[in-house]
Amino acid sequence: MSIFFSSDLHFNHVNLFENYGRSKFFSSVEDMNETIIANHNSVVSEDDTVYFLGDMVMGRRAESLPLIAEMNGVKHLVMGNHDYWDGGLPVLQPVFQAGVTLLQNAYYSFERQNDQFLIAGLDNV
């Protein structure tokens, strides 16, 4: 079992695609989403642990949230500023019902090769 960290996936972020250069690499926002998932799944297995460090979705949340279920791994989310927009936690409930654990004002610690690591999710107050 491996542990991975990822951030700022920005599923369905049309502005990022159109105005910040991602259109050079992808034919559409849907292509961008599919490539992110395919790349993730090519490295992460179902038994691996993944910490998403904010900004998983941006825009078209109803379409974005099911994409997370397509990604391999035991998933944990530390919410970013974009994850709070458009309703925040209530909007993200389907993600948590699909088995993604939220680290909100909480932490998880683990040890690797005699080194201890701490992952914390803290609200921005």
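A residue is called buried when its relative accessible area is under 20%, exposed when it is over 50%, and partly exposed in between, as computed with a 1.4 Å probe and protein chains only. By that rule, buried residues make up 41% of the 125 residues in the protein chain. The structure is a predicted model, in which local features need pLDDT of at least 70 and side-chain atom pairs count only at pLDDT 80 or more, whereas totals for chains, interfaces and linings use all residues. Residues are numbered from 1 along each chain as its sequence is written, and side-chain values use heavy atoms, with hydrogens and water left out.

**Overall architecture**

The protein chain holds 5 helices and 6 strands, where helices (H or I, at least four residues) and strands (E, at least two) are DSSP runs numbered from the N terminus. Read from the N terminus, the order of these elements is β-α-α-β-α-β-α-α-β-β-β. With contact taken as heavy atoms within 4.5 Å, residues 24 or more positions apart account for 63% of the contacts that have a separation of 6 or more. The chain exposes about 7,200 Å², of which carbon and sulfur atoms supply 51%; the accessible areas come from the Shrake-Rupley method with a 1.4 Å probe, and for residues only the protein chains shown count as cover.

**Helix α2 and its buried face**

Helix α2 covers residues 29-43, and its 15 residues should span 21 Å at 1.5 Å a residue, which agrees with the 22 Å between its end C-alpha atoms; the expected span is 1.5 Å times one less than the number of residues. Val 29, Met 32, Asn 33, Ile 36, Ile 37 and His 40 are buried in α2. Seen down the axis of α2, these buried residues fall within an arc of 130°, so they line one face of the helix, the arc being that of the directions from the helix axis to the C-beta atoms. An α-helix has 3.6 residues a turn, so residues three or four places apart point the same way. Glu 34 and Ser 42 are exposed residues on the face of α2 turned away from its buried side.

**Three residues and their surroundings**

The table sets out the location and accessibility of His 40, Glu 46 and His 76.

| Residue | Location | Relative accessible area |
|---|---|---|
| His 40 | helix α2 | 10%, buried |
| Glu 46 | loop between α2 and β2 (49-53) | 52%, exposed |
| His 76 | strand β3 (residues 74-78) | 14%, buried |

Leaving out residues up to four places away in sequence, His 40 touches Val 50, Phe 52, Met 71 and Asn 72. With such neighbours likewise set aside, His 76 is in contact with Thr 49, Val 50, Tyr 51, Phe 52, Val 100 and Thr 101. Glu 46, again not counting residues up to four places away, touches Asn 72, Gly 73 and Val 74, and its C-alpha atom is separated by 6.8 Å from that of Val 74, a residue 28 residues apart from Glu 46 along the chain.

**Aromatic pairs**

Rings of Phe, Tyr and Trp (its six-membered ring) pair if their centres lie within 6.5 Å, and planes under 30 degrees apart count as stacked, over 60 as edge-to-face and the rest as tilted. The count by this rule comes to 4 aromatic pairs. In one of them, the rings of Phe 110 and Phe 117 have centres 5.3 Å apart and planes at 15°, so the pair is stacked. Phe 110 counts as buried at 10% relative accessibility, whereas Phe 117, at 38%, counts as partly exposed. Ring pairs link Phe 5, Tyr 51, Tyr 108, Phe 110 and Phe 117 into a cluster.
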